[in-house]
Amino acid sequence: MALLQISEPGMSTAPHEHRLAAGIDLGTTNSLVATVRSGDATTLADQKGVHLLPSVVRYQADGVITVGQAAKVAEIDDLQNTIGSAKRLLGRGVSDLKTLAGQLPYQFADTEAAVPKIRTIAGDISAIEVSAEILKTLKIRAEASLGGDLKGVVITVPAYFDDAQRQATKDAARLAGLKVYRLLNEPTAAAVAYGLDQGEALDEKIIAVYDLGGGTFDISILRLNRGVFEVLATGGDSALGGDDFDHAIAEWIVQQVDQSTAHTPKQLREILVEARRVKEALSHTDVVAVTVGHWQGSFSNEQFMPLVANLVKKTLFACRRALRDADIDKDEVADVVMVGGSTRMPVIRERVGDFFNNPPLVNIDPDKVVAIGAALQADVLAGNKPDTEMLLLDVIPLSLGLEMYGGLVEKIIARNTTIPISRAQEFTTFKDSQTAMTVHVLQGERETVEENRSLAKFALHDIPPMVAGAARIKVTFQVDADGLLNVMAEEKTTGVKSSIAVKPSYGLTDAEIETMIKDSMLNAKADRETRKLREQQVEADRTLAALDAALACDGEVLLSTEEQHTLQRARDALVASKQLDTAEVIKTAIKTMEAAAEFYVARRMDSNIRTAMAGQSINKFKD
Amino acid sequence: MPVTLTEVAAERVRSFLANRGKGVGLRLGIKTHGCSGMAYVMEFADEVDEYDSVFKSHGVTLLVDPKSLVYLEGTEMDFTKEGLNEGFKFSNPNESGSCGCGESFTV
């Protein structure tokens, strides 16, 4: 007999069509999976009743892969084959290893591939594969707990994760057989868990998320505007966490205990374990008894405060900097959300509350709050909530870009970017003395203008006449929470501006969007060829324009009739090659013409230098 | 014959309702599809409909529409755990057969 859950009014599912969804907090040290059952978001435990899954994977020679606590226990004895910080490597390239390798105890394989691989007894393993094992374990746990297959999941990532790191996280999920509804920023998930997105007021508000984990500290400043979260700034310290607070207590214990004898590593480890216990106990009581060997003493929150004042100060300094980056005054912060087990310490809560003049939100278990937020979001995305409660977090359905010379499209904002978003890029003029520029805004995934959808066109006039490539024109694409696109172009030296507003998704159905994406997949190869061809055609135009300009200037003076004919023939050959639809042919013709014109270029340079020197010597004589 | 909850089930429903923050009770019903004829429906209720039968069981208000009631009379609902899975279970005296999964049944 299947076990049933309570649905929202009118949202019951047919038998065997349950919309099972889960939220996953894929952490550096621990991971969690959570789900919504009968309207209640909870994290899911394993058979032993343990919720936290250590993010550790061990590979053995016989192909056996162990995940979680069992792997963590083996870590000390089998360091090379037990991988514990895969998240730090996710989406990183081989070139990033130099900075990271020092912190990680693994042997990296010499590989040609762009993705670094860790050499284990079971073969070379990438961070994506390690993360996939963790996700698989959580998938199995969730499906056993829900009594069916997961339809989709929401996985959280740090707000500072770049596109490569986000893509790697998605790849790991696909490898684990999970459908990802969406990646969600960890601080946003925490804010969602507290229902901060569900408020009555539509006015925007600022939320600070203070995340102090075991080994890392992150502060994020978010802006919530009509259900849409925007990350204004992030900051923190990747080497500051709860462990540092343990060490502070451990040092105090070492000072109290008889100092006449040196401590053995074993004793030091015992002291550290006791320090950790004392720290955790101080979250519930003010004074704790301390026992190390024969020594006994007591330790209070009052003693703890000054010991860790500097550590707390460091985190608050990062908060201040993030606020400054976001250009936000700390009194503007409406809510402060606490994330990470270390925020259970009363000293942290007190000081953070004092800093923001606002008591932080602490009702939800800080270890679980991110997973719970992800579960709530997954429940909505799976379709278990009525539409009225739908979150407005949204993404751009198709890439937005600009027409470049030669009919190619330069993408400014990639598809699936969450809105609101603002991206800018600098462009320049193609021709000498060009005084105007047409800005053609396009939508789609293909490489050429014809294959994309034209959204708007406007011109930027009054660019001061300059040589080609000297003007600096900044084009900014800005999509607000409603999907409204604003494009602004500005010539930087004069400040001349022009702009236009468009609604990019207007008139496009889901099916059309899907077709456009599918076409870009099907035509990927042809598009690449077209792009190559167009690039060479543009290059040919540029070379021809340069030659024509030079000939008009001093061709008659510097070249004999015979030489002019030679260049003309090379020029004609290049013009003819442009008509052929082969990038390679045009490329060769450009090379041939450049070779033919080499002597002319050299002669022009000589002539220019002569003129310049002549001018100078006259000046000297005048002086 | 009333529709009832076991004490354990009532406690869970109360806690889920409190967690949701709104709602007048729990609606139980029948949908006529599924692999074996009919399927149970269990939803939070935000209002009582005109023709609903209203039952009280361990402090929980249960609402059943008249079409469903003929198939649910005498049903008791329990809350159980099976391995990692947990949820509600119906024991319905009208049920004469169910599909293997237990999500749908015939009378």
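This report walks through the helix packing, the strand pairing and one residue's surroundings in a predicted model.

## Chain A at a glance

Let's start with the overall counts. Chain A holds 16 helices and 27 strands. Its length is 623 residues, and buried residues make up 37% of them. Take the contacts in chain A with a separation of 6 or more: residues 24 or more positions apart account for 66% of those.

## Helix H13 and its two partners

When two helices pack, the pair is described by the angle between their axes and the distance between the axes. Here is how that plays out for H13 (residues 524-558) of chain A, starting with H15 (residues 583-596) of chain A: the angle is about 20° and the axes are 8 Å apart. H13(A) is therefore roughly parallel to H15(A), since an angle under 35 degrees counts that way. The crossing of this pair is left-handed. On the H13(A) side, the contact uses A:Lys532, A:Leu533, A:Gln536, A:Gln537, A:Glu539, A:Ala540 and A:Thr543. H15(A) brings A:Ala583, A:Ile586, A:Lys587, A:Ile590, A:Met593 and A:Glu594. Sorted by character, the residues of the contact of H13(A) with H15(A) are six nonpolar, three polar and four charged.

The other partner is H14 (residues 561-579) of chain A, whose axis comes within 10 Å of that of H13(A), with a crossing at roughly 155°. That angle is over 145 degrees, so H13(A) is roughly antiparallel to H14(A). H13(A) passes H14(A) in a left-handed crossing. From H13(A), the contact takes in A:Gln537, A:Ala540, A:Leu544, A:Leu547 and A:Gly555, while H14(A) supplies A:Gln564, A:Arg571, A:Leu574 and A:Lys578. For the contact of H13(A) with H14(A), the split is four nonpolar, three polar and two charged. If you are tracing residues by eye, A:Gln537 and A:Ala540 are part of the contact with H15(A) and of the contact with H14(A).

## A hairpin in chain A

Strands of a sheet pair through backbone hydrogen bonds, and they can do so parallel or antiparallel. Strand S2 (residues 30-37) of chain A and S3(A) run antiparallel, joined by four bridges. A:Val36 sits opposite A:Ala41 of S3(A). The two strands form a hairpin with two residues between them, and A:Ser38 in the turn has a positive phi of about 50°.

Which residues make up the covered face of S3 (residues 40-43) of chain A, and which the uncovered one? A:Ala41 and A:Thr43 are on the covered face, with A:Asp40 and A:Thr42 on the uncovered one. The covered A:Ala41 is also the residue across from A:Val36.

## A four-stranded sheet in chain A

Now for an open sheet of four strands in chain A: the order is S14-S13-S12-S17 and the pairing is mixed. At the edges are S14 (228-237) and S17 (333-339) of chain A, each of which pairs on one side only. From one strand to the next, the twist averages 20°. S12 (residues 205-212) of chain A runs parallel to S17(A), and six bridges join them. Across that pairing, A:Tyr210 stands opposite A:Met338.

Helix H9 (residues 301-326) of chain A packs on this sheet, where it touches S12, S13 (217-225) and S14 of chain A. The direction of H9(A) makes about 140° with that of S14(A).

## A three-stranded sheet in chain B

Chain B has an open sheet of three strands in the order S1-S6-S7, again with mixed pairing. S1 (4-5) and S7 (85-91) of chain B are its edge strands, pairing on one side only. S1(B) and S6 (residues 76-82) of chain B run parallel, with two bridges between them. One pair of bridge partners is B:Thr4 and B:Glu76, the latter in S6(B). Helix H1 (residues 7-20) of chain B packs on the sheet and touches S1, S6 and S7 of chain B. The angle between the directions of H1(B) and S6(B) is about 85°.

## Around A:Phe458

A:Phe458 belongs to strand S24 (residues 453-460) of chain A. Is A:Phe458 buried or partly exposed? A:Phe458 has 16 other C-beta atoms within 10 Å, and a buried residue needs 20 or more, so A:Phe458 counts as partly exposed.

Leaving aside residues up to four places away in sequence, A:Phe458 touches A:Val439, A:Ser498 and A:Ile500. A:Met437 is 21 residues from A:Phe458 along the chain, and their C-alpha atoms are separated by 8.5 Å.

Key: Residues are numbered from 1 along each chain as its sequence is written. Chains are lettered from A and ligands numbered from 1 in the order in which they are written. This is a predicted model: local features need pLDDT of at least 70, side-chain atom pairs count only at pLDDT 80 or more; totals for chains, interfaces and linings use all residues. Axes are lines fitted to C-alpha atoms, for helices over the stretch in contact, and angles run from 0 to 180 degrees between N-to-C directions. Angles under 35 degrees count as roughly parallel, over 145 as roughly antiparallel, 65 to 115 as roughly perpendicular and the rest as oblique. A crossing is left-handed if the near helix is turned anticlockwise from the far one by less than a right angle, and right-handed if clockwise. Two residues are in contact if their C-beta atoms, placed from the backbone, lie within 7 Å. Ala, Val, Leu, Ile, Met, Phe, Trp, Tyr, Cys and Pro count as nonpolar, Asp, Glu, Lys and Arg as charged, and the others, Gly among them, as polar. A residue is buried if 20 or more other C-beta atoms lie within 10 Å of its own, exposed if 12 or fewer, and partly exposed in between; C-beta atoms are placed from the backbone. Two strands pair if DSSP finds at least two bridges between them.
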